[in-house]
Amino acid sequence: MVESTAEKILHMLAQPYQIEDRELHIGASIGIAVIPDDGRSADDILRYADTAMYQAKQAGRNHYKYYTQSMNEAAQQRLRIDTAMHTALENGELQLHLQPVVTPDGKPAGAEALMRWRSAALGPVMPDVFIPIAEENGLIVPMGQWILREACRVAAALPDYMFMTVNVSCVQFRSRGFPQTVQDILVETGIEPSRLHLEITERVLMQDVEEVRQSIERIVDLGVSMAIDDFGTGYSSLSYLNRFPCSTLKIDHSFVMSMMEDQASQGLVDAIINMGHSLHIHIIAEGVETEQQLELLKYKGCDFLQGYYLSRPLPIDEFKAFMHQSV
């Protein structure tokens, strides 16, 4: 009965609505809590249903979920992370780690800047846990500014031939004045703009196309390079490469991991490399974890390589040691 009612609600709301000359679509996420199994008071049931609804949204929206005790535990942990995150910057809890990017012959060419958080209250918190929360509560903007500034400061002291790649979240990229923030940090740190690569995902390109194009062009006009991360996993379109001035594509690690056994994945890797080179775009393969993957990517002409087989993300001092050992 409950399931059929939830499905009927989702179906009814999914029907398009015509308002003047526009067709609008509405989605819904439903959370379900049951008396007395989940709680006995109205307040408890509403709170638990809200927790289940959030999980339905996390599952991709347009779903319904029943409340479970594990959801409550996850919600409490999420609240603890959110609370602790608000003081992470002022307490100096964020750390910069660098993962080397190398040429096919193993020479260091650059690094990807990665944010790490060691909370005084919670201990180490994994990026795939805290970054989605930071995007929701808006803290990804100041945190993103912090890692951009730190990465540029470190890069300015590295050899001139090394580039520094910094990931930019969708929320951060679309925050007010982001191109100006990039310019200010370039001036503040003294890094040569061409050595900074800002990495965005296809999700950014799919948003307000004109606004995104203008922001990218402003950044490129500063001399900064733009890179598309996880290329091939989203709604990849050649039109992106035609409309947006990007100089680097990153082959997603899922293709690299499966290309030894899967001819389709290997074909996609070939296609991305050949397409990029025909457009004078550099190709970075991430997720290189075996010697076989390394040798195959070298054979295929990939420009740069990155992954645990070459090096894990390293604290700054260890990265510098790796760089000197590899030269």
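These are my notebook entries on a few helices, aromatic pairs and cysteines in this structure, which is a predicted model.

**Entry 1: helix H2**

I began with helix H2, residues 42-58. I checked its length against the expected rise. At 1.5 Å a residue, its 17 residues should span 24 Å, and the end C-alpha atoms are 24 Å apart, so the two agree.

Next I looked up which residues of H2 are buried. They are Ile45, Tyr48, Ala49, Thr51, Ala52 and Ala56. Seen down the axis of H2, the buried residues fall within an arc of 155 degrees, so they line one face of the helix. I noted the general reason for such spacing: an α-helix has 3.6 residues a turn, so residues three or four places apart point the same way. On the other side of H2 I found Asp43 and Leu46 exposed.

What covers the buried residues of H2? I listed strand S3 (30-32), strand S4 (64-66) and helix H3 among the elements that do. I also looked just past the end of H2, where glycine 60 takes a positive phi of about 120 degrees.

**Entry 2: aspartate 82**

Helix H3, which helps cover H2, spans residues 69-85 and contains aspartate 82. Is aspartate 82 buried or partly exposed? Its relative accessibility is 21%, so I put it down as partly exposed; the cut-off for buried is under 20%.

I then looked for its contacts, leaving aside neighbours within four places in sequence. Aspartate 82 touches Ile133 and Asn137. I also took one distance to a remote residue: glutamine 180 is 98 residues away in sequence, and 28 Å away in space from C-alpha to C-alpha.

**Entry 3: helix H13**

I moved on to helix H13, residues 291-300. Its buried residues include Gln293, Leu294 and Leu296, along with Leu297 and Lys300. The cover over the buried residues of H13 includes two helices, H11 (253-258) and H12 (263-278). It also includes two strands, S12 (282-285) and S13 (304-305). Just after H13, glycine 301 has a positive phi of about 90 degrees.

**Entry 4: aromatic pairs**

I counted four aromatic pairs. How are the rings of phenylalanine 163 and phenylalanine 304 arranged? Their centres are 5.5 Å apart and their planes are at 75 degrees, so I recorded the pair as edge-to-face. The pair links distant parts of the chain, with phenylalanine 163 in strand S8 (residues 163-167) and phenylalanine 304 in strand S13, 141 residues apart. Phenylalanine 163 is buried at 10% relative accessibility, and phenylalanine 304 is buried at 16%.

I looked at another pair, phenylalanine 173 and phenylalanine 178. Their ring centres are 5.7 Å apart and their planes are at 50 degrees, so this pair is tilted. Phenylalanine 173 and phenylalanine 178 are both buried.

**Entry 5: cysteines**

How many disulfides does the structure hold? I found zero. Cysteine 152 is in no disulfide, and the nearest cysteine sulfur, in cysteine 246, is 18 Å away. Cysteine 152 is buried, with a relative accessible area of 1%.

I asked why cysteine 302 has no bond to its closest cysteine. The sulfur of cysteine 302 is 17 Å from that of cysteine 246, which is too far for a bond, because a disulfide needs the sulfur atoms within 2.5 Å. Cysteine 302 is also buried, with a relative accessible area of 2%.

Key
Residues numbered from 1 in each chain as written. Predicted model: local features only at pLDDT ≥ 70, side-chain atom pairs only at ≥ 80, totals over all residues. Heavy atoms only, no water. Helix = DSSP H or I, 4+ residues; strand = E, 2+ residues; numbered from the N terminus. Buried < 20%, exposed > 50% of the residue type's maximum accessible area, 1.4 Å probe, protein only. Contact = heavy atoms within 4.5 Å. Expected span 1.5 Å × (residues − 1). Arc of directions from axis to C-beta. Phe/Tyr/Trp six-rings, centres within 6.5 Å; stacked < 30°, edge-to-face > 60°.
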